[in-house]
Amino acid sequence: MSGKSVVLVTRKLPNAVEDRLHRDYEPRLNPDDRLYSSDELIALSEGADAIMPCHTEKFSAEVVARLPDSIKAIANFSVGVDHVDLQAAAKRGIIVTNTPDVLSDATAEIAILCMLGAARRAGEGERLVRGAGWKDWSPAFMVGIQVTGKRVGIVGMGRVGQIVARRMRGFDMEVHYHNRRRIDPTLEQGAIFHESLEEMLPLCEVLSLNCPATPETTGLLNAARIALLPDGAIVINTARGALVDDDALIAALKSGKLHSAGLDVYNNEPAIDPRYRELDNTFLLPHVGSATRETRDAMGYRALDNLDAIFAGREPGDRVA
Ligand code: 8YV
């Protein structure tokens, strides 16, 4: 017994983060980076003081109820916490934290990549060159849409949304946003607030989803709202798949109502709706919003800062339950 708190770490983390875990805690690591089942999660938590999971582990009310009494905290290696039933955790007195701020720049970069990839047909072009299918050039070849100077609507003007707005202004785009409430004008990056999503949608030549997945936002982008977008709009989603009604988005991509979609997140990842793969006008990434060396280290440190506070009897900086 080291006297150190025991932390179950569910996935392989950056070396520097695991080094700090070894220094300050008794970590139970997952060097093979295998996805644990709920039963395994519960069994491996036996005798541990805290869990450091990713969004890949689902803490439903049932799983939270079955966690051993020794678990005091779930310190997520993620900003999104839709994989944790926060009410169930609060009911058991389990503290839950996340990792905001440190992944906003990286995720905004991926939003821009999704926008450009979808607008300029980057996936299609890459497949063509890689598959030795590129045979000719003509003025009509691989023509996409220019985003410079276009109007973009951002749904969710939190940390990521604000950086996306700033980056898009770099493309001379006119930025609009919808949020539960107007944010401080000094943070708006010149974007125009719309209290009503329905009023904003007809303006959005590009629509970027940047809000968390909650019961209120689940299925937010449905057929009725897609119908309000201008014909030939581009949809990008770097937030959560749950925001999208897949049937509606796929129908609009097939019919030509939408020009294209750039997606980094999906319902039921990684077993995504296979119809997305069959469409040429989708630019698809495998949930890599925060996947930079800098950001993944910073996420680990941020989760550890939260654990350090909890075990020192202080309030953690990023408590969400
Ligand atoms: C992370 C994310 O990579 O932090 C989030 O909410 O969606 C991602 O960018 C992932 O969640 C790590 O657990």
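Colleague: Which residue forms a salt bridge with Asp49?

Modeller: This is a predicted model, so side-chain pairs count only at pLDDT 80 or more. In it, the closest N and O atoms of the pair are 3.1 Å apart. A salt bridge needs such atoms within 4 Å. The partner of Asp49 is Lys72.

Colleague: How many residues apart are Asp49 and Lys72 in the chain?

Modeller: Asp49 is in the loop between helix H2 (38-44) and S3. Lys72 is in the loop between helix H3 (61-66) and S4. The pair thus links distant parts of the chain, and the separation is 23 residues.

Colleague: Those loops lead to S3 and S4. Which residue in S4 stands opposite Ala50?

Modeller: Strand S3 covers residues 50-52 and strand S4 covers residues 73-75. The two run parallel and are joined by 2 bridges. Opposite Ala50 stands Ala73.

Colleague: What are the edge strands of the sheet with the order S2-S1-S3-S4-S5?

Modeller: The sheet is open, has 5 strands and pairs in parallel. The twist averages 20 degrees from one strand to the next. An edge strand pairs on one side only. That picks out strand S2 (26-28) and strand S5 (95-97).

Colleague: Which helix lies across S1, S3, S4 and S5?

Modeller: The helix covers residues 293-311. Its direction makes about 170 degrees with S3. In the domain assignment, 293-311 is grouped with 6-102 as domain 1. The helix is H12.

Colleague: How far apart do the C-alpha centres of domain 1 and domain 2 lie?

Modeller: Domain 1 is 6-102 + 293-311, and domain 2 is 104-284. Contact between them involves 7 residues of domain 1 and 6 residues of domain 2. Their C-alpha centres are separated by 31 Å.

Colleague: Which three residues supply 66% of the area that domain 1 buries against domain 2?

Modeller: Domain 1 and domain 2 bury about 540 Å² between them. Of that, 39% is on carbon and sulfur atoms. On the domain 1 side, one trio supplies more than any other three residues. The trio is His55, Asp82 and Asp101.

Colleague: Which side chain meets Asp101 in a salt bridge?

Modeller: Between domain 1 and domain 2, the count is 2 salt bridges. The count of residue pairs in polar contact there is 3. For the Asp101 salt bridge, the N to O distance is 2.7 Å. The side chain that meets Asp101 is Arg159.

Colleague: Residue 159 also begins helix H7. Which strands does helix H7 lie across?

Modeller: Helix H7 covers residues 159-169. It runs at about 170 degrees to S6. The strands it lies across are S6 (151-155), S7 (174-178), S9 and S10.

Colleague: What are the edge strands of the sheet of 7 strands?

Modeller: This open sheet has the order S8-S7-S6-S9-S10-S11-S12, with parallel pairing. Its neighbouring strands are turned by 20 degrees against each other on average, direction ignored. The edge strands are S8 (192-194) and S12 (282-284).

Colleague: Which residue in S12 stands opposite Ala261?

Modeller: Strand S11 (residues 258-263) runs parallel to S12, with 3 bridges joining the two. Helix H5 (residues 104-119) touches both, along with S9 and S10. Opposite Ala261 stands Thr282.

Colleague: What is the omega of the cis peptide bond at Pro270?

Modeller: Pro270 lies in the loop between S11 and helix H11 (275-278). The cis bond joins Glu269 and Pro270. Its omega is about -5 degrees.

Colleague: Where is Ala132 found?

Modeller: Phi of Ala132 is near 55 degrees. That is a positive value in a residue other than glycine. Ala132 is in the loop between helix H6 (122-130) and S6.

Technical notes
Residues numbered from 1 in each chain as written. Predicted model: local features only at pLDDT ≥ 70, side-chain atom pairs only at ≥ 80, totals over all residues. Heavy atoms only, no water. Pairing = 2+ DSSP bridges. Helix = DSSP H or I, 4+ residues; strand = E, 2+ residues; numbered from the N terminus. Axes fitted to C-alpha atoms, helices over the stretch in contact; angles between N-to-C directions. Contact = heavy atoms within 4.5 Å. Domains from an automatic or database assignment. Buried area = accessible area lost by both parts, 1.4 Å probe. Polar contact = N/O pair within 3.5 Å; in protein donor to acceptor, adjacent residues only side chain to side chain.
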